[in-house]
Amino acid sequence: MGKALMIQGTSSGAGKSLLVTALCRIFSNLGYEVVPFKSQNMSLNSAPSIEGGEISRAQYLQAIACRKKPSVKFNPILLKPEGNMTSQVVFMGKPIGSVSAKDYMLSRKEELFRKAMKVLDGLKEKHDLVLIEGAGSPVEINLKDYDIANMRVAKHAGAKVILVTDIDRGGSFASIVGTMELLSEEERELVTGFVFNKFRGDASLLKPGFDYLEKRYGKPTLGVIPYVEHRLPEEDSLAEFPKVRGELHIQIIKLPHISNFTDFEPLHWANGVDYVTRAEEIEGDVIIIPGSKNTVEDLLWMRENGIEDAILDAHREGAFVVGICGGFQMLGEEIVDEVESKRGRVKGIGLLPAKTVFMREKRTNHLKARVLWGPAEGMSVEGYEIRMGRSVSERPFSVITSVNGEKTFEPEGAIGERAFGTYLHGIFHNFAFTERFLNFLRAEKGLEQVSVKRWSIEEEIEKFARIVEENLDVDRILGELGL
């Protein structure tokens, strides 16, 4: 059996996901067969697995860091919030139903936990090391008895646990002490040390705090990770949405059920983006409706709050409108949904010549396509799809040429007057397309053409992993693991 190392946090957003990502690459670089694992993740940012299923974007990134193809085994349980305290449950990549938080806690968790642990056992049998990510805090008093993502997993796996805290938020020593005090004695024994994340300044000034922790708990501080600017995708919508007004004013509607907002990170870095939630804010050169976990409900939310009318007004005044996945569906003429919202026929915004019908089977695939939209016509792009809707249009945005490596010819998306929509998540990560898109709009506005800086996830992982390795006692961690 292989070893297991688990990263838990004093809170959500402490940096667990990216620390696991860095450790995946560090141990892979050292020659170990390593894979990531998170028993249960709640996230609206998901990605397709090698099996054609759906996993959290965090475990997808961690798999890349391990130099492994993303597998549903790395994230057996994925919860996708749908609103009204209800989530869609995805198990081993496939939706198995929607349940309320209470029903899930009382009736489904135990069964799924047992199955997830069998998956974890299988990973340990076949690899030198499994790097396990925890969820939120391991000591939420009202949830601890039902927790299947933290100490219970560590106990099952016999994992060493590193506790990470975000010092940039403040109160990090108190967070560690509070967490340790609320752990049982058996659980405290699993903790092998602490990591302080996102530090700005001279780490030597923290030594009195480190000495206190070691004296009180007999556990060392294993590292202080500096605050790092990076281009790695954020884990979930807890990350603050940036509001940056660039030379092109690009506005993104922050939907109640927004999903896969990582689609827009290249636009943020190349120009700046402005997330908006109110009709009176809408005035951009470009307005983007992103993906949604509940397309029809988010469309009705925009309609009720005047955002739909504001988009139409801005479009009449010259704004360019884009829809990605659920946003594309909303921009069409009609949606028929007896599956997700069960609202039947719903009128769309009407800026795209497309009609959508929701099916029960979800499409989860890696795609290659050829763009048909004029300014970028003929360009080859890559992306992925995660959708239950099937749309038809006489003016498609692109033609899918490959699905999971298999050649095909399938129109997708739609083109309208100063508008387009596509099912291609990740379209803006095709830097040549993004450059063409931005420069088309910049030319209209009389702005100079720009070159969009290219970067790769591989390079970003390596860069981040090197910084973590320089500031972490990797040798001590190896010793604790017996590696």
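A strand here is a DSSP run of E with at least two residues, numbered from the N terminus. Strand E24 is one such run, covering residues 406-412, and Phe409 lies in it. The model is predicted.

Start with Phe409. Its relative accessibility is 60%, and exposed means over 50%, so Phe409 counts as exposed. Phe409 still has contacts beyond its sequence neighbours. Leaving out residues up to four places away, Phe409 touches Arg370, Val399 and Ile400. Ala369 lies 40 residues from Phe409 along the chain, yet their C-alpha atoms are separated by 8.9 Å.

Next, the sheet. Strands of a sheet pair through backbone hydrogen bonds, in either a parallel or an antiparallel sense. Six strands build an open sheet with mixed pairing. Their order is E15-E13-E16-E18-E26-E25. Strand E15 (274-276) and strand E25 (414-416) are the edges, each pairing on one side only. From one strand to the next, the twist averages 20°.

Look inside that order at E18 and E26. Strand E18 spans residues 320-324 and strand E26 spans residues 419-422. The two pair in the parallel sense, over four bridges. Val322 has Phe420 of E26 as its bridge partner.

A helix covers part of this sheet. Helix H12, residues 431-444, lies across strand E13 (250-253), strand E16 (286-289), E18 and E26. The helix runs at about 155° to E18.

Now the nonpolar cores. The largest holds 70 residues. Which of them touch the most other members? They are Ile253, Ile288, Met302, Ile311, Trp373, Phe433 and Phe437. Take Ile288. Beyond four places in sequence, Ile288 touches Ile250, Gln251, Ile252, Ile253, Phe264, Leu267, Val322, Ile324 and Phe428. Val322, the bridge partner of Phe420, is thus among the contacts of Ile288. Apart from the largest core lies another, of 45 residues, including Leu79, Ala116, Ile167 and Phe210.

Last, the cysteines. A disulfide is a covalent bond between the sulfur atoms of two cysteines. How many disulfides does the model hold? The count comes to zero. Cys24 is in no disulfide, and the nearest cysteine sulfur, that of Cys66, is 3.1 Å away. The cut-off for a disulfide is 2.5 Å, so this pair does not qualify. Is Cys24 buried or exposed? Its relative accessible area is 0%, and buried means under 20%, so Cys24 is buried. Cys325 has a relative accessible area of 7%, so Cys325 is buried by that cut-off too.

Key: Residues are numbered from 1 along each chain as its sequence is written. This is a predicted model: local features need pLDDT of at least 70, side-chain atom pairs count only at pLDDT 80 or more; totals for chains, interfaces and linings use all residues. Side-chain values use heavy atoms; hydrogens and water are left out. A nonpolar core is a set of buried Ala, Val, Leu, Ile, Met, Phe, Trp, Tyr and Cys residues joined through side-chain atoms within 4.5 Å. Buried means under 20% relative accessible area, exposed over 50%, partly exposed in between (1.4 Å probe, protein chains only). Contact means heavy atoms within 4.5 Å. Two strands pair if DSSP finds at least two bridges between them. Axes are lines fitted to C-alpha atoms, for helices over the stretch in contact, and angles run from 0 to 180 degrees between N-to-C directions.
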